[in-house]
Amino acid sequence: MKKFPIIFTGAGPGAPDLITVRGMKALEEADYILYAGSLVPEAVLTWAGDRAKKASSAGMHLEEMVDAMANAWDKGLKVVRLHTGDPSLYGAIAEQMMLLDQREIPYEVIPGVTAAFSAAAALKVEYTVPEQSQTLIFTRISGRTPVPEKESLESLAAHKASMAIYLSAGMAEQVQNILAATYGPEAPVAIAYRVSHPEERIIVTIVDRLAEIMADNGINRLALIIVGPFLEMGKNAKSLLYDRAFAHGYRDRA
């Protein structure tokens, strides 16, 4: 019996047409799809073929997920493990792959579009502002799942780089206090709620009103908090790349 590698793929941020073409084809060809039901919208599953059996992992623990994938793989089925966004970012795929390695079950990973990039598109901004910030930090505040001390939000925010803060909407007041002490209370901050979903809301405010705005709008999950110099001066900055006086391998100076 021919057996196929299990495919981990990112569903993208929510809109079904923001999945990659490779991910879409994997869903079309799948016999069994185990999807992160608490995060992946049903609309993304429209790419699945008629024969595919679909199961949500929302109520499963790690071993149950791996058992489900392994049992389907053992029957010669094409198995897709569908995560939200990009599976390498807060996807908890490493522990799943470790157990598959122990069972000598092969797998592949298809990347996806993470919510921070969809949020930047909605905001019409560039995270890497010339001469202001050339660094983008993906992070989260420490909560039920601890963050290493050296990666605390306080220490990372001190860089004042562009920052996308995941999994922290339920701790908006703590995030606000930290950002006020580093970026300043009047610094612009964006809240990207369910970005690319039909219910998407993008709110730009100042750090000092972050917790208040989120509470007023009932946002305590499924939102990114985005901060950095790009929100204030991004469209006024110019890179060297397209400057007429800057020569490179494909263009001489004008």
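**View 1. Tyr90, a partly exposed ring in a predicted model.** Tyr90 has a relative accessible area of 38%, which falls between the 20% and 50% cut-offs, so Tyr90 counts as partly exposed. This residue belongs to the loop between strand S4 (79–83) and helix H3 (93–102).

**View 2. Tyr90 meets Tyr166.** Searching the whole structure turns up five aromatic pairs, and here's one of them: Tyr90 with Tyr166. The ring centres of Tyr90 and Tyr166 are 5.5 Å apart and the planes sit at 45°, so this pair is tilted. Tyr90 and Tyr166 are 76 residues apart, and their pair links distant parts of the chain, with Tyr166 in strand S7 (residues 162–166). At 10% relative accessible area, Tyr166 is buried.

**View 3. Tyr166 again, this time with Phe138.** The centres of the Phe138 and Tyr166 rings lie 5.7 Å apart; their planes make an angle of 65°, which is over 60, so the pair goes down as edge-to-face. This is another link between distant parts of the chain: Phe138 is in strand S6 (residues 136–140), Tyr166 is in strand S7, and they're 28 residues apart. Phe138 is partly exposed, with 27% relative accessibility.

**View 4. Four rings, one cluster.** Put Tyr90, Phe138 and Tyr166 together with Phe117 and you've got one aromatic cluster.

**View 5. Two lysines over rings.** Lys3 lies over the face of Trp73, 4.4 Å from the ring centre. Over at Phe4, it's Lys78 whose charged end sits above the ring, at 4.9 Å from the centre.

Terms used
Residues numbered from 1 in each chain as written. Predicted model: local features only at pLDDT ≥ 70, side-chain atom pairs only at ≥ 80, totals over all residues. Heavy atoms only, no water. Phe/Tyr/Trp six-rings, centres within 6.5 Å; stacked < 30°, edge-to-face > 60°. Helix = DSSP H or I, 4+ residues; strand = E, 2+ residues; numbered from the N terminus. Buried < 20%, exposed > 50% of the residue type's maximum accessible area, 1.4 Å probe, protein only. Lys NZ or Arg CZ within 6 Å of the ring centre and 35° of its normal.
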